[in-house]
Amino acid sequence: MRIAAKYSFNGGEEAVTATYPHLLTEIENAIAAIDAEKHRTKESKEVTMAGQLLYSPVELNKTFKELLSPLGWINKRVECVYSSQYYANGYQPEAENVGFRDMDFLKEKLGVEVQFGKYSFMVYNVAAKMTIFRNLGFIDTGIEIVPVKRFALQMSSGVSYFEQFVWDLEQRGVADIDVPVLIIGIDSDTNIT
């Protein structure tokens with residue numbers, strides 16, 4: 001695969017290149033090492049793309065893990081114990097009030113999310129999850145890896161993409177609690193014009 005686009009949210013590119021250039025190189029090398037065509041394995045059952053082979057987000061995520069884990073990148077999982085103080089008097093939940101949040105990759109204090117999902121997950125990662133992980137002391141800077149539109153159109157419908165994500169972030173603006181995040185848009189090497 002290749003890097004097709006970059007967007008610096010809240011000074012993210014500057015923060016990553018100033019503090020973590022060696023880790024950025026590891027991320028860039030991992031992206032370049034992935035042959036996306038090997039992951040065009042998901043047969044579409046969608047009416048508009050029935051029978052077409054699409055890129056598999058699950059396999060692409062797995063390959064990122066296979067490439068980054070040996071370099072010391074870890075998945076960071078944080079248990080969440082949810083408060084019951086806001087329930088109405090007498091209400092008892094059916095299940096235990098425990099969940100988790102996790103960051104795909106963490107090394108030093110750089111957090112990385114690889115997102116081939118819905119639009120809301122991209123925004124959540126940058127506008128909420130990275131802030132939470134910074135507040136917990138795990139990261140100070142982030143990288144979000146997402147497909148560009150041309151790549152996303154060759155996945156299941158509903159996968160969001162770099163161009164839409166950047167537009168939303170620009171319309172939202174930067175808040176004083178936002179973490180510096182470098183947004184990297186990736187594409188298959190076969191999508192070269």
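How are helix 1 and helix 2 oriented to each other? To find out in this predicted model, select residues 12–19, which form helix 1, together with helix 2, and look along the place where their axes come within 5 Å and cross at roughly 105°. An angle of 65 to 115 degrees counts as roughly perpendicular, and helix 1 and helix 2 are therefore roughly perpendicular to each other. Show side chains next for V16, T17, A18 and T19 of helix 1 and for P21, H22 and L24 of helix 2, since these residues make the contact.

Move on to helix 3 by selecting residues 57–68, a run of 12 residues that reaches 17 Å from its first C-alpha to its last, close to the 16 Å expected at 1.5 Å a residue. Colour P57, L60, T63, F64 and L68, which are the buried residues of this helix; viewed down the axis of helix 3, its buried residues fall within an arc of 120°, so they line one face of the helix. Turn to the other side of helix 3 and you will find V58, K62 and K65 exposed.

Now display what covers the buried residues of helix 3, including helix 2 (21–33), strand 5 (98–107), strand 7 (141–147) and strand 8 (181–187).

Finally, centre the view on F64, which, leaving aside neighbours within four places in sequence, is in contact with M1, I31, I34, F105, V114, F116, I145 and I186. F64 is also, along with I143, I145 and F151, among the residues with the most contacts inside the largest nonpolar core, which has 50 residues.

Technical notes. Residues are numbered from 1 along each chain as its sequence is written. This is a predicted model: local features need pLDDT of at least 70, side-chain atom pairs count only at pLDDT 80 or more; totals for chains, interfaces and linings use all residues. Side-chain values use heavy atoms; hydrogens and water are left out. Helices (H or I, at least four residues) and strands (E, at least two) are DSSP runs, numbered from the N terminus. The expected span of a helix is 1.5 Å times one less than its number of residues. Buried means under 20% relative accessible area, exposed over 50%, partly exposed in between (1.4 Å probe, protein chains only). The arc is that of the directions from the helix axis to the C-beta atoms. Contact means heavy atoms within 4.5 Å. A nonpolar core is a set of buried Ala, Val, Leu, Ile, Met, Phe, Trp, Tyr and Cys residues joined through side-chain atoms within 4.5 Å. Axes are lines fitted to C-alpha atoms, for helices over the stretch in contact, and angles run from 0 to 180 degrees between N-to-C directions. Angles under 35 degrees count as roughly parallel, over 145 as roughly antiparallel, 65 to 115 as roughly perpendicular and the rest as oblique.
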